[in-house]
Amino acid sequence: MNAAALAALRERLERFHALSKAAEVLHWDMETRMPRPGAASRALQCGAVARAAHEILCAPETRGLVDELGPALSDPGDESEPAALWRWAERETARRARLPAALVEETSRATARAQDVWVEARRRSDFAMFLPELSCVLELKREAARALDDGGDPYDGWLAEFEPGMRAADADRLFAELEPGLAEITARAIARPRRERHPALTGFFAIERQRGLGEAAARLIGFDFSRGLLDESAHPFTSAPALGDVRITTRYDERDPFSNIFTVLHEAGHGLYEQGIDPALADGPLCAGGTMSLHESQSRLWENAIGRGREFWTAFLPRLREAFPSAAGASLDDVLAAVNSARPSLIRVEADELTYGQHVLLRYGLERRLLSGDLRPADLPEAWNAGMRERLGLTPPDDARGVLQDVHWSAGLFGYFPTYLIGNMISIQLYAAALKDRPEIPERLSRGDASPLRGWLRDKVHRHGRRLAAEQVVARACGGPISSRPYLEYLRAKHGA
Ligand SMILES: [Zn+2]
């Protein structure tokens, strides 16, 4: 192998990675601390950095090095770091070379502007205010989909950004296997008389006290605050500028002590993944969570399989009572009933684990129609509300609690939503496999020790970063391909009775 060519390729990929991470810091700052009048300038800065990163990756010199190294590194069975790096570079240079640099820059600018407007439009529940920005972002993303179209499903180009290796047909197949069963269990849960939350778990929960509680939840599952931090934002997210700098956000609801706790568990689940990557991969493009569905499998595993379970609450209830003595009247079973009640609600990120899938399927269907042109952005609120009625029997009272609730479309993240549901499927497969390998996980967790599960995930998932494909990670950890069946069985066992 030509060592000089590999070193030159590595140098280019690391420069691309550094610029991508610089863009991530600009976004983090924009969504947490930036004064709003900075938004227009920030859009230009984001656009410039995105374009510079794109130009390094798509330069003929980079592709030339990839081609030169092909004979030495293109064996798909080669699991060495150089071969994995080459595979990433081969795929991404080919994919991104189809996107004109001007389109990349304009999309980055447009999404930075749109996110700023979205925050205000959501606050005012004013879809008309957001519509021009949304139309602009959508047109740019449709142009990208056309550029990436390889004759397959037009949605493939959107999905590939978040889920390399998966095609829309794969997502369709997984969802088709899931939907009838999910609809049936959901309908039965809707019909069931709802159990009211214990009065001690309702009322007012001061944000000042919630802050410490969220931090305690993150610490319990092992989020490393010496290499990370927890902040607040309109839409919770995780940002990982570096292996030693992993940031998560949450948001607070003064009427609900659990919303923040589950948000933190979710984001800290993402954070643990980023903190657990093999340091040998630091500062290069393999230093990131494998795919978004793998990433969401980590967040959802901690949020749901762990965070809604008896063992976690055995360990954590004393913390809740300490922060809010008024909650002491609620027993462990009252808390478990409160955090596991399944009933249709308006907001995806606060949905219970049963109805959550319907939120994702609604957005996925709408995205497909927006891409094909069958649905115009102006008609989105109506289509959204019709879908909510059909799937969950609810009509959003306003657009803030409807079509404006998620950051994704303003951020240009079309193609992201399916990964949430696939991530849910993977989370249940992984947790079942972890319990089989490490039966002591529940007992240790009930004593506040999450290290057996965290260690298993680190070994099977986290450390690999992007060295292995998502399918490989799942196949090795779980002994089979990604499947909707275990997830459906889990939901049926928990919510179907
Ligand atoms: Zn997430």
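Helices, taken as DSSP runs of H or I of at least four residues, and strands, taken as runs of E of at least two, are numbered from the N terminus. On this basis the chain, which is described here from a predicted model, contains 20 helices and three strands.

The overall dimensions of the chain were considered next. For 497 residues a compact globule would be expected to have a radius of gyration near 23 Å, and the value of 22 Å computed for the chain agrees with this expectation. The C-alpha trace extends over about 70 × 50 × 45 Å along its principal axes. Of the 497 residues, 45% count as buried, and among the contacts in the chain with a separation of 6 or more, 73% are accounted for by residues 24 or more positions apart.

The packing of one pair of helices was then examined. Helix 10, comprising residues 257–275, and helix 11, comprising residues 292–306, have axes that come within 7 Å and cross at roughly 135°. Because angles over 145 degrees would count as roughly antiparallel and those from 65 to 115 as roughly perpendicular, helix 10 and helix 11 are oblique to each other. The crossing in which helix 10 passes helix 11 is right-handed. To the contact, helix 10 contributes Phe262, Leu265, His266, Glu267, Ala268, Gly269, His270, Leu272 and Tyr273, while helix 11 contributes His295, Gln298, Ser299, Leu301, Trp302 and Glu303. In character, the residues of this contact divide into seven nonpolar, six polar and two charged.

Two buried positions in other helices were also followed. Ala217 lies in helix 9, which spans residues 207–221, and because 20 or more C-beta neighbours within 10 Å suffice for burial, this residue, Ala217, with 25 such neighbours, counts as buried. When its neighbours within four places in sequence are left aside, Ala217 is in contact with Ile261, Val264, Leu265 and Phe316; of these, Leu265 is also one of the residues that helix 10 brings to its contact with helix 11. The C-alpha atoms of Ala217 and Tyr364, which are 147 residues apart along the chain, are separated by 31 Å.

Lys141 is found in helix 6, formed by residues 127–148, and this lysine is buried, with 25 other C-beta atoms within 10 Å. Apart from neighbours within four places in sequence, Lys141 is in contact with Gly412 and Phe414. Between the C-alpha atoms of Lys141 and Gly157, which lie 16 residues apart along the chain, the separation is 9.7 Å.

Notes: Residues are numbered from 1 along each chain as its sequence is written. This is a predicted model: local features need pLDDT of at least 70, side-chain atom pairs count only at pLDDT 80 or more; totals for chains, interfaces and linings use all residues. Axes are lines fitted to C-alpha atoms, for helices over the stretch in contact, and angles run from 0 to 180 degrees between N-to-C directions. Angles under 35 degrees count as roughly parallel, over 145 as roughly antiparallel, 65 to 115 as roughly perpendicular and the rest as oblique. A crossing is left-handed if the near helix is turned anticlockwise from the far one by less than a right angle, and right-handed if clockwise. Two residues are in contact if their C-beta atoms, placed from the backbone, lie within 7 Å. Ala, Val, Leu, Ile, Met, Phe, Trp, Tyr, Cys and Pro count as nonpolar, Asp, Glu, Lys and Arg as charged, and the others, Gly among them, as polar. The radius of gyration is taken over C-alpha atoms; the globule rule is 2.2 Å times the number of residues to the power 0.38. A residue is buried if 20 or more other C-beta atoms lie within 10 Å of its own, exposed if 12 or fewer, and partly exposed in between; C-beta atoms are placed from the backbone.
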